[in-house]
Amino acid sequence: DVLVKKISSLDEKKWHIHMHLMDVHDCRAVNNIWVLLKRLRFFPKWLLEKINGNIKHRFLYVSAMMDVDTNLAKLFKELKKKNIMKDILILITADHASCYAESPRGKLEVQDRTHYEDLDIPLIMSNVSSVPKEGTMCDSMDITATFLNALRVKTNSNYKGINIFKKKKGFVISE
């Protein structure tokens, strides 16, 4: 709510937002009772989807994602109400945000310890008509190159990131 209020108070027309959702999958770390109580509002919807077989994830994970979605909806609604949504480039990335964290550590050799959630990370961009080249992989440097290109900022020729709308890349450089 504080972020929505701050953003909606800005008078400049042309600007951008880059939101990086950090460790949403680490939903078991509910150390604030008010956060947990707030997320209980999602329990009936989660339970219905679980009973119907439409979802396999645990409640704490799904409710963390639903809470993020609800807060993004508030922001987007406010931007549309102020009629500035079309003037803003929004980039949303996430850190392991599409899967429940289930580490293969200890089960595999070190070179095979890539988590499936490391390979399926959401990227959402507003006001961009291009789509990524089919079958391309990207890393954080490619996200930056893509975002800078959308902002019409030139990168140095030594920069290793590749705009995912321009070229297909079959590998990632991982942390």
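Among contacts in the chain between residues at least 6 apart in sequence, what percentage join residues at least 24 apart? The figure is 67%. Keep that number in mind as we walk through this model, which is a predicted one.

Let's start with the overall layout. The chain has 5 helices and 3 strands. Reading from the N terminus, you meet them in the order α-β-α-α-α-β-β-α. There are 175 residues, and 32% of them count as buried. As for the outside, the accessible surface comes to about 12100 Å², with 56% of that belonging to carbon and sulfur atoms.

Now for the inside. The largest nonpolar core is made of 15 residues. Those with the most contacts inside this core are Ile 17, Met 19, Leu 75, Leu 79, Ile 88, Ile 90 and Ile 92. If you want to find the core on screen, look at H1, strand E1 (15-21), H4 and strand E2 (88-94), the elements that each give two or more residues to it. Apart from this core lies another one, of 7 residues, including Leu 91, Met 125, Ile 164 and Phe 165.

H4 deserves a closer look. With 23 residues at 1.5 Å a residue, H4 should span 33 Å, and its end C-alpha atoms sit 32 Å apart, so the two values agree. Quite a few H4 residues are buried, among them Phe 59, Val 62, Met 66, Leu 72, Leu 75 and Leu 79. The list isn't purely greasy, either: Ser 63 and Asp 67 of H4 are buried too. Why might spacings of three or four places be worth watching for in a helix? An α-helix has 3.6 residues a turn, so residues three or four places apart point the same way. Just past the helix, H4 is followed by Asn 83, which has a positive phi, near 60°.

H1 is a good place to see a link across the sequence. Ser 8 is part of this helix, which covers residues 2-9. Is Ser 8 buried or exposed? Its relative accessible area is 11%, so Ser 8 is buried. Leaving aside residues up to four places away in sequence, Ser 8 touches Glu 78 and Lys 82. Ser 8 and Glu 78 are 70 residues apart in sequence, yet their C-alpha atoms are 6.7 Å apart in space.

Next, the aromatics. Searching the whole structure turns up 3 aromatic pairs. One of them is Phe 43 with Trp 46, a tilted pair with ring centres 5.5 Å apart and 40° between the planes. Both residues lie in helix H3 (residues 43-51), 3 residues apart, or about one turn of the helix. Phe 43 is partly exposed, with a relative accessible area of 33%, whereas Trp 46 counts as buried at 12% relative accessibility. Trp 46 also pairs with Phe 59, this time edge-to-face, at 5.5 Å centre to centre and 70° between the planes. That second pair links distant parts of the chain: Trp 46 belongs to helix H3 and Phe 59 to helix H4 (residues 59-81), with their positions 13 residues apart in sequence. Phe 59 has a relative accessible area of 12%, so this residue is buried. Put the pairs together and Phe 43, Trp 46 and Phe 59 form a cluster.

Finally, head to the segment after H5. Asn 163 is found here, beyond the helix that covers 140-150. What is the relative accessibility of Asn 163? The value is 9%, so Asn 163 counts as buried. Its side chain reaches the backbone nitrogen of Phe 165 at 2.8 Å. Phe 165, you may recall, is one of the residues of the second core. Setting aside residues up to four places away in sequence, Asn 163 touches Ala 145, Thr 146 and Asn 149.

Lys 166 lies in the segment after H5 too. Unlike the buried Asn 163, Lys 166 is exposed, because its relative accessible area is 56%. With residues up to four places away in sequence left out, Lys 166 touches Lys 133 and Asn 149. Lys 166 and Lys 133 are 33 residues apart in sequence, and 7.0 Å separates their C-alpha atoms. Asn 149 turns up in the contacts of Asn 163 as well as in those of Lys 166.

How values were computed: Residues are numbered from 1 along each chain as its sequence is written. This is a predicted model: local features need pLDDT of at least 70, side-chain atom pairs count only at pLDDT 80 or more; totals for chains, interfaces and linings use all residues. Side-chain values use heavy atoms; hydrogens and water are left out. Helices (H or I, at least four residues) and strands (E, at least two) are DSSP runs, numbered from the N terminus. Buried means under 20% relative accessible area, exposed over 50%, partly exposed in between (1.4 Å probe, protein chains only). A polar contact is a pair of N or O atoms within 3.5 Å; within protein, one must be able to donate a hydrogen and the other to accept it, and residues adjacent in sequence count only if both atoms are side-chain atoms. Contact means heavy atoms within 4.5 Å. Rings of Phe, Tyr and Trp (its six-membered ring) pair if their centres lie within 6.5 Å; planes under 30 degrees apart count as stacked, over 60 as edge-to-face and the rest as tilted. The expected span of a helix is 1.5 Å times one less than its number of residues. Accessible areas come from the Shrake-Rupley method with a 1.4 Å probe; for residues, only the protein chains shown count as cover. A nonpolar core is a set of buried Ala, Val, Leu, Ile, Met, Phe, Trp, Tyr and Cys residues joined through side-chain atoms within 4.5 Å.
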